[in-house]
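Biologist: I would like to go through this model with you and ask how each label is earned. Shall we look at it together?

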Amino acid sequence: MISKYKARWCARGDMQMPWEYNNTCSSSPTSCFAAVRTVIATTAQEGMELYHWDIQGAFCTSDVDKEIFMQPLTGYSLPPGKCLRLQKSLYGLRQSSALFFENLESWMLDYGFQPICPDGVMFRLDRGGQKLIVSLYVDDGVCACD
């Protein structure tokens, strides 16, 4: 017996025109394996705890930076003269990961995290003698904490 239905609406990023997104900044920065190894080594050296997480629905949380219009899903009709305009990012849009990273980075800086490396994928937070080191990879993260 089916008790729950799930659906995910994905955009066809391959159908986006180049002027609809910033081609030079259409992906989020990701930490290299050396950065992840550094977090793991720091965890072992300083006796910290290590955690990994994945952010569910990450690309659907960011506001879009330009007007984006989409065709309705097959089987769904709109009244004449109406169309769908996105207010939030969707999986499949070329700029989804970059918009998500901007959103996440802004939150982390507002919360008090300090960037550790120039590419902006590792952050450190020191509060009351407690340390927290975070390394980001798209919508995944590795965290070392006291």
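**Rings, cores and a helix face**

Modeller: Searching the whole structure turns up 2 aromatic pairs. Please keep in mind that the model is predicted, so local features need pLDDT of at least 70 and side-chain atom pairs count only at pLDDT 80 or more, while totals for chains, interfaces and linings use all residues. Residues are numbered from 1 along each chain as its sequence is written, and side-chain values use heavy atoms, with hydrogens and water left out.

Biologist: What makes Trp-107 and Tyr-111 a stacked pair?

Modeller: Their ring centres are 5.1 Å apart and their planes differ by 15 degrees. Rings of Phe, Tyr and Trp (its six-membered ring) pair if their centres lie within 6.5 Å, and planes under 30 degrees apart count as stacked, over 60 as edge-to-face and the rest as tilted. Both values meet the rule, so Trp-107 and Tyr-111 are a stacked pair. The two sit 4 residues apart in helix H2, about one turn of the helix. Helices here are DSSP runs (H or I, at least four residues), as are strands (E, at least two), numbered from the N terminus. Ring pairs also bring in Phe-113, giving a cluster with Trp-107 and Tyr-111.

Biologist: How do you know that Arg-127 lies over the face of Tyr-111?

Modeller: A charge sits over a ring if NZ of Lys or CZ of Arg is within 6 Å of the ring centre and within 35 degrees of the ring normal. Arg-127 is 4.8 Å from the ring centre and is placed over the face of Tyr-111.

Biologist: Why is Trp-107 called partly exposed?

Modeller: Buried means under 20% relative accessible area, exposed over 50%, and partly exposed in between (1.4 Å probe, protein chains only). Trp-107 has 49% relative accessibility, so it is partly exposed. Tyr-111, at 41%, is partly exposed too.

Biologist: And what makes Ser-135 buried?

Modeller: Its relative accessible area is 1%, so Ser-135 counts as buried. This residue is in strand E6. Leaving aside neighbours within four places in sequence, its contacts (heavy atoms within 4.5 Å) include Ala-35, Val-36 and Val-39.

Biologist: How do you know that the buried residues of H1 line one face?

Modeller: Ala-35, Val-36, Val-39, Thr-42 and Thr-43 are the buried ones in H1. Seen down the axis, they fall within an arc of 120 degrees (taken from the directions from the helix axis to the C-beta atoms), so they line one face of the helix. On the other side of H1, Phe-33, Ala-44 and Gln-45 are exposed. The buried residues pack against strand E1 (49–54), E5, E6 and strand E7 (140–145).

Biologist: Which residues have the most contacts inside the largest nonpolar core?

Modeller: They are Met-108, Phe-113, Val-134 and Leu-136, in a core of 13 residues. A nonpolar core is a set of buried Ala, Val, Leu, Ile, Met, Phe, Trp, Tyr and Cys residues joined through side-chain atoms within 4.5 Å. Helix H2 (96–111), strand E5 (122–127) and strand E6 (130–137) each give two or more residues to this core, and H2 gives the most, with 4. Apart from it lies another core, of 10 residues, among them Ala-35, Val-36, Val-39 and Ile-133.
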